[in-house]
Amino acid sequence: MGLANESSLMDFILLGFSDHPRLEAVFFVFVLFFYLLTLVGNFTIIIISCRDPLLHTPMYFFLSNLSLLDICFTTSLAPQILVNLRGPKTITYGGCVAQLYISLALGSTECILLAVMALDRYVAVCKPLHYVVIMNPRLCQQLASISWLSGLANSLIHATFTLQLPLCGNHRLDHFICEVPALLKLACVDATVNELVLFVVSVLFLVIPPALILISYGFITQAVLRIKSVEARHKAFSTCSSHLTVVIVFYGTIIYMYLQPSESYAQDQGKFISLFYTMVTPTLNPIIYTLRNKDVKEALRKLLSGKL
């Protein structure tokens, strides 16, 4: 056990896409492009949400939190991926631990925050006369805090259970980031108990929130169909469909990664899916909300013209 603990502090070798060396330059450009797009898009959302008084509403408060979350999440991964694609394919044990805790905390926070945003849309559409009273600034801050703290708690449980597994000198990580499914593959002992605990925790974050989101959107759809004004109905559907699109893309990829049995986990396929939800999904959020939202597009025009 002493040798196992000592070996666990060694650097990890990230195999990444070493099986496809000719594609590494392509992946480097891909990651760099989407990382820069994520920074620009999400910083823009934060800036216009703060500077435009018309966007000082609960919806854009939560959207700003989502943008900040995506910036932090991508930044916790992208620089290290870029370095490994063009240089040494290693990461220190401490770096791997930090990356695992941070990325898990931020990813888990997004799971809860998307459910909170669905609640906001439910109140806005189904309880419009009471919306301002119900979704008051204090409640919005509390809901945002719960999202961030829940993500942190899940990370402490999820990552700690994973890191307790002995590796017995096995440090060739068949991935480009430190992620739970790939780390479980390195364990030299039976990880059934760990997988069960991680499965239960994953259900709490990857099944219950989207289930609540779907239920809320069922009520929202009924309420929208009762709206007589075609313009108001279109605006409600446009706003809600933007959020629903983000939910489907985010949860679809994460559920595939974390809720499938470990024996059916295809490593190469998992890498490409991880690349999608770590690099592409954070970029999609500002694009989807900008293209389908008149208020955001108007605020963006004001910002570009210097009127904001």
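This short talk walks through one predicted model, beginning with how confident the predictor is and then moving from the core to the pocket, the cavity and a few single residues.

Let me start with confidence, since what we have here is a predicted model. The chain has a mean pLDDT of 84, and 93% of its residues reach 70 or more. The elements do not all score alike, however: helix 1, residues 2-7, has the lowest mean pLDDT of the elements, at 42, while helix 3 has the highest, at 94. If you look at the beginning of the chain, you will find that pLDDT stays under 50 over residues 1-8, and that the model has six contacts beyond four places in sequence for that stretch. Where pLDDT is low, the predicted coordinates should not be read in detail.

With that caution in place, let us turn to the inside of the protein. Which residues touch the most other members of the largest nonpolar core? They are F62 and L114, in a core that holds 89 residues. Helix 5, which runs over residues 93-126, gives the most to this core, namely 17 residues. As a general background, nonpolar side chains tend to be buried together in soluble globular proteins. To see what surrounds L114, leave aside its neighbours within four places in sequence, and you will find L114 in contact with L66, I213, H243, V246, V247, F250 and Y251.

Helix 3 takes us to another buried leucine. L69 lies in helix 3, and L69 counts as buried because its relative accessibility is 0%, where the limit for buried is under 20%. Not counting residues up to four places away in sequence, L69 touches L106, T109, E110, L113 and W148. One of these partners, T109, is 40 residues from L69 along the sequence, and yet their C-alpha atoms are 8.0 Å apart in space.

Next comes a charged residue, D120, which you will find in helix 5. Is D120 buried or exposed? D120 counts as buried, because its relative accessibility is 1%. Its contacts, again without the neighbours within four places in sequence, are P58, M59, F62, Y131 and M135, and F62 is one of the two residues already named as touching the most other members of the core.

Now to the open space, and to the largest pocket, which has about 450 Å³ in it. Its lining is made of 20 residues, and M59, R121, A124, K235 and T239 are the ones nearest the centre. Helix 3, helix 5, helix 6 and helix 11 are the elements that give two or more residues to this lining, and helix 11 has the largest share, with five residues. Sorted by class, the pocket lining contains 13 nonpolar, four polar and three charged residues.

There is also enclosed space, and here the count is four cavities of 30 Å³ or more. The largest cavity has a volume of about 300 Å³. It is lined by 27 residues, of which S103, L104, G107, I254 and Y258 are the closest to its centre. Which element gives the most to the lining of this largest cavity? The answer is helix 5, with seven residues, while the elements that each supply at least two include helix 7, helix 9 and helix 12. By class, the cavity lining divides into 16 nonpolar, eight polar and three charged residues.

I will finish with two more buried residues. Y60 is in helix 3, and it counts as buried because its relative accessible area is 4%. Beyond four places in sequence, Y60 touches S49, L55, N293, D295 and V296. By contrast with these contacts, Y60 and C168, which are 108 residues apart in sequence, are 48 Å apart in space, C-alpha to C-alpha.

The other residue, G270, has its place in helix 12. Because its relative accessibility is 0%, G270 counts as buried. If you measure from G270 to Q80, which is 190 residues away along the chain, the C-alpha atoms are separated by 18 Å.

Notes. Residues numbered from 1 in each chain as written. Predicted model: local features only at pLDDT ≥ 70, side-chain atom pairs only at ≥ 80, totals over all residues. Heavy atoms only, no water. Core = buried A, V, L, I, M, F, W, Y, C linked by side-chain atoms within 4.5 Å. Buried < 20%, exposed > 50% of the residue type's maximum accessible area, 1.4 Å probe, protein only. Helix = DSSP H or I, 4+ residues; strand = E, 2+ residues; numbered from the N terminus. Contact = heavy atoms within 4.5 Å. 1 Å grid on protein atoms, 1.4 Å probe; cavity = no way out; pocket = protein on both sides within 12 Å on 5 of 7 lines; lining within 4 Å. Points joined across faces, edges and corners; volume = space filled by probe spheres on them. Nonpolar A, V, L, I, M, F, W, Y, C, P; charged D, E, K, R; others polar. pLDDT = per-residue confidence, 0-100.
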